[in-house]
Amino acid sequence: MADTTPSAVTPPKREMSYRRKEWLRAWESMVASRWALVGMLILIIVTFVAIFGPWLAPFDPNRQNIMMRLLEPGTPGREDLTYWLGSDQLGRDVLSRLLYGARVSLLVGVAAIAVGGTLGTILGLISGYYGGRIDDVIMRLGDIQLAFPFILLAIMFLVVLGPGLVNIILVLGIGQWITYARIVRAQTLSLREKEYVEAARALGDSTFSILFRTILPNIIAPLTVIASFNVAGVILSEAALSFLGLGVPPDVPTWGSMLSESRDHLLSNKWWMAVFPGLAIVFTVLAFNIIGDWLRDFLDPRLKENA
Amino acid sequence: MWTFLVRRLWQSIIVLIGVTLISFISLQIGGDPTYLFVSENATTEEIERAREMLGFDRPLHVQYLSYVWNALQGDFGSSLSYRQPAMDVVLEAMPATIELTIFSLVLAIGLSIPLGIYAALKRGKPIDGGIMTFAMLGQSIPNFWMGIMMIMFFGLYLRWFPISGHVPFLEPLFAGEFREAFTNLPQSMYYMIMPALAVGTYTLARNARLVRSSMLEVLQQDYVRTARSKGISERRVIFNHAMRNAWLPVVTMIGLEFGFLLGGVVVVETVFSYPGIGRLTFQAINQRDIPVVQASVIILAVIFILLNLIVDLIYARLDPRVKL
């Protein structure tokens with residue numbers, strides 16, 4: 001087992017250093033673009049909050065306290081606790097709800113893309129590799145879906161299915177598949193004629209292996225770029241659906257539903273209920289958009305948007 | 001031209017069939033749809049009667065065919081809360097939504113083109129950076145939050161614009177009351193400006209970026225260099241040579257933008273209590289008035305498909321490379 005001849009040891013070592021070089025190049029490009037660094041920083045903060053929110057939150061996000069309704073930001077509460085971002089119409093702490101809300105936004109964003117991305121990638125690989133009638137059927141289905149404003153589709157299904165985390169992830173995820181399927185299909189079409197794919201075929205690799213081990217690794221880069229923009233889009237959609245009351249159940253705090261509740265208190269100028277959840281959404285979405293822009297330039301300089 | 005028209009119409013029909021199929025599936029996906037149409041404390045007999053009356057006891061394919069047949073006649077059943085046909089309720093709200101969608105599209109496109117061109121011409125200068133930062137931000141702001149912020153700042157604090165309400169323009173226009181329609185127009189726009197900006201910000205931002213990069217690409221083309229070397233004034237190079245070609249990707253996007261705008265309208269109308277299909281859908285969602293939700297969504301889809309068809313026809317006229 002322990003093969004210590006130099007020739008067997010060297011290649012992995014070279015791969016390590018190549019990888020390290022790539023990471024270094026990524027880091028340098030990120031620092032050079034500055035915006036990307038800001039985006040990354042926001043993303044790290046949001047992820048941290050999403051994971052550790054329950055420990056960071058000063059209050060139970062669902063604890064109602066009628067005595068503490070609609071307090072301005074910075075009002076001290078009992079037990080040395082302060083309502084740093086004020087409280088809502090039921091006396092719940094806005095900051096705590098905001099911290100918990102990061103969870104839903106990020107989870108829905110990432111999970112929906114995982115669902116849509118996986119589904120779309122598999123269908124795209126099949127479509128591009130086999131071509132013919134199966135390709136026709138898959139792509140026409142996609143055309144129909146694209147010819148229909150997505151949010152309407154989501155509304156129609158969620159009204160019947162009712163609110164729920166899994167429902168919203170599935171509906172938003174399935175809404176995204178065609179984006180991935182189209183890209184993967186186009187790439188697969190061109191890759192399947194390449195020599196190394198033919199070589200794999202000649203060596204007797206199974207179709208499964210050719211699709212997932214030979215072709216897929218070569219199309220990860222454009223997929224990553226799309227996924228980053230897509231997470232931003234899905235977070236916006238989730239917020240909109242929560243705003244309409246079609247997101248997760250009411251006892252789960254989300255940024256969208258917080259904004260929905262803030263509507264009734266606009267006239268009495270309870271601005272903090274509307275400003276903070278909105279800013280949270282804007283910063284998170286902005287971070288994903290910036291990272292997407294940077295990834296596009298970094299992974300595929302040909303696509304660079306004439307910057 | 002005719003072949004293109006026929007092919008494009010045929011595609012639209014296929015999509016429409018797809019839309020009815022999807023909306024039919026959405027009804028069935030949660031199990032027996034009868035429960036969506038009866039009150040929560042209905043007795044077993046009442047549910048049974050409703051199931052028979054609504055036809056949910058028939059085989060699925062029969063249900064689908066009758067669903068399509070009814071949909072073709074605009075029959076989506078009676079609204080559960082308005083006690084009149086769901087379609088009538090939706091059609092009443094439709095002109096207001098079309099007004100808002102078109103106005104926000106006009107605002108977004110009208111502002112994005114000069115912004116994008118200006119940024120391209122000032123490439124690398126601070127003003128370019130400023131416009132692009134604004135565009136990046138515009139793509140990250142939820143439209144409904146934008147609406148809420150505008151209500152708070154321009155509506156309640158500065159008191160520049162009304163925070164809700166609507167003055168009809170299309171309704172009198174369709175009724176043949178041209179004088180009334182056009183006297184209403186300035187007021188109508190005044191009431192719509194905040195919701196239209198909220199709906200259109202994303203489109204404005206995305207298009208400004210698109211126009212800029214499209215313009216930058218065109219400015220590097222040989223024919224622009226040739227035009228410049230011939231000594232033609234810069235203004236003419238930009239307006240006569242560059243812009244004509246920078247237009248095409250923008251027109252293509254407009255068709256897709258309609259979908260986005262219509263989706264945005266649903267949410268933003270709610271924020272501004274604007275009496276269109278969006279607010280109606282929101283109310284119907286809360287009252288679980290399924291026929292109205294279905295009719296709204298399908299009408300919005302039909303509007304979207306029709307507008308897309310029109311955009312494609314315009315595109316075919318603009319770009320001689322599209323075979324007519």
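Colleague: In what order do the elements of chain A run from the N terminus on?
Modeller: Keep in mind that this is a predicted model. Chain A holds 11 helices and two strands. Starting from the N terminus, its elements run α-α-β-β-α-α-α-α-α-α-α-α-α.

Colleague: Thanks! And what pattern does chain B follow along the sequence?
Modeller: Chain B comes to 13 helices and zero strands. Read along the sequence, its pattern is therefore helix after helix, with a strand counted only as a DSSP run of at least two residues. Written out, that pattern is α-α-α-α-α-α-α-α-α-α-α-α-α.

Colleague: What share of the residues in chain B is buried?
Modeller: The C-alpha atoms of chain B fill a box of roughly 85 × 55 × 40 Å along the principal axes. For chain A, the C-alpha trace spans about 75 × 50 × 45 Å, and 43% of its 307 residues count as buried. In chain B, with 324 residues, the buried share is 38%.

Colleague: Let's look at one helix. Where is the kink in α6(A) centred?
Modeller: Helix α6 of chain A covers residues 165-191, 27 residues in total. From its first C-alpha to its last it reaches 37 Å, close to the 39 Å expected at 1.5 Å a residue. There is still a kink of about 30 degrees in this helix, and its centre is A:Q176.

Colleague: How many residues of chain B are in contact with chain A?
Modeller: On the chain A side, 38 residues take part. On the chain B side, the elements giving two or more residues include α1 (2-28), α9 (178-219) and α13 (290-318). The residues on this side of chain B divide into 31 nonpolar, 11 polar and one charged. The number of chain B residues in contact with chain A is 43.

Colleague: Which helix gives the largest share of the largest nonpolar core?
Modeller: That core has 156 residues, and A:I155 and B:V90 touch the most other members. The largest share of the core is 16 residues, and it comes from chain A, from residues 271-299, helix α11.

Colleague: One last thing: which residues does B:V90 touch, not counting those up to four places away in sequence?
Modeller: B:V90 is one of the two residues that touch the most other members of the largest nonpolar core. In chain B, residues 24 or more positions apart account for 72% of the contacts with a separation of 6 or more. Leaving out residues up to four places away, B:V90 touches B:I277, B:L280, B:V292, B:A295, B:S296 and B:I299.

How values were computed:
Residues are numbered from 1 along each chain as its sequence is written. Chains are lettered from A and ligands numbered from 1 in the order in which they are written. This is a predicted model: local features need pLDDT of at least 70, side-chain atom pairs count only at pLDDT 80 or more; totals for chains, interfaces and linings use all residues. Two residues are in contact if their C-beta atoms, placed from the backbone, lie within 7 Å. Helices (H or I, at least four residues) and strands (E, at least two) are DSSP runs, numbered from the N terminus. Ala, Val, Leu, Ile, Met, Phe, Trp, Tyr, Cys and Pro count as nonpolar, Asp, Glu, Lys and Arg as charged, and the others, Gly among them, as polar. The expected span of a helix is 1.5 Å times one less than its number of residues. The bend at a residue is the angle between axes fitted to the seven residues ending there and the seven starting there. A residue is buried if 20 or more other C-beta atoms lie within 10 Å of its own, exposed if 12 or fewer, and partly exposed in between; C-beta atoms are placed from the backbone. A nonpolar core is a set of buried Ala, Val, Leu, Ile, Met, Phe, Trp, Tyr and Cys residues joined through C-beta atoms within 7 Å.
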